[in-house]
Amino acid sequence: MANSDVRLALWSGNNFSVRRILFRRGGVAVRDLGAFRFDNVLSSFRLRNVVERSQVTLVLFSQINFQGSFRVFRGSQSVANLGNFNFNNVTSSLVVVGRNLTNAEIALIQSTGRPPRDILIIRQ
């Protein structure tokens, strides 16, 4: 299953520094980053699919339950400063999956508050 190949590391500081949270075993949806005491502190991340680099999507939302403004990152990548995307210390919820989500799928997540199936959902 593609979701098992997803890896995500989040940092509270720019340039992959300060506090870190790792997701190593697949796709995940976090309804409220407050569950990790990580609400509105995300500043940098590393995202990858260890088998097929292009097949991964991370969606960061400014409000809990996949609401508010959002930023989409597709394909394996490292972002050292979310300030370059006007999203530093803004993230309150997120979805990461081992495939490329379409814009329509992301709009559906936001309108229904339901992430894709077959991933771990973390609630506070």
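Two exercises with worked solutions follow.

The structure is a predicted model, in which local features need pLDDT of at least 70 and side-chain atom pairs count only at pLDDT 80 or more, while totals for chains, interfaces and linings use all residues. Residues are numbered from 1 along each chain as its sequence is written, and side-chain values use heavy atoms, with hydrogens and water left out.

**Exercise 1.** Determine in which order the strands of the open sheet stand, and which of them stand at the edges.

*Solution.* Start from the strands, which are DSSP runs of E with at least two residues, numbered from the N terminus, and which pair if DSSP finds at least two bridges between them. The 5 strands of the open sheet then follow the order β6-β5-β8-β3-β9, with mixed pairing. Next, look for strands with a single partner: these are β6 (67-74) and β9 (120-122), so one side of each lacks a neighbour in the sheet. Finally, take one pair inside the order: β3 (residues 28-30) and β8 (residues 93-97) run antiparallel over 3 bridges, and A29 has V95 as its bridge partner in β8.

**Exercise 2.** Locate the salt bridge that a search of the whole structure finds, and state how exposed its residues are.

*Solution.* Apply the criterion of a side-chain nitrogen of Lys or Arg within 4 Å of a carboxyl oxygen of Asp or Glu; the search gives 1 salt bridge. The side chains of E105 and R99 form this contact, at 3.0 Å from N to O. Then classify by relative accessible area (buried under 20%, exposed over 50%, partly exposed in between; 1.4 Å probe, protein chains only): E105 has 26% and is therefore partly exposed, and R99, at 34%, is partly exposed too.

How values were computed. Helix = DSSP H or I, 4+ residues; strand = E, 2+ residues; numbered from the N terminus.
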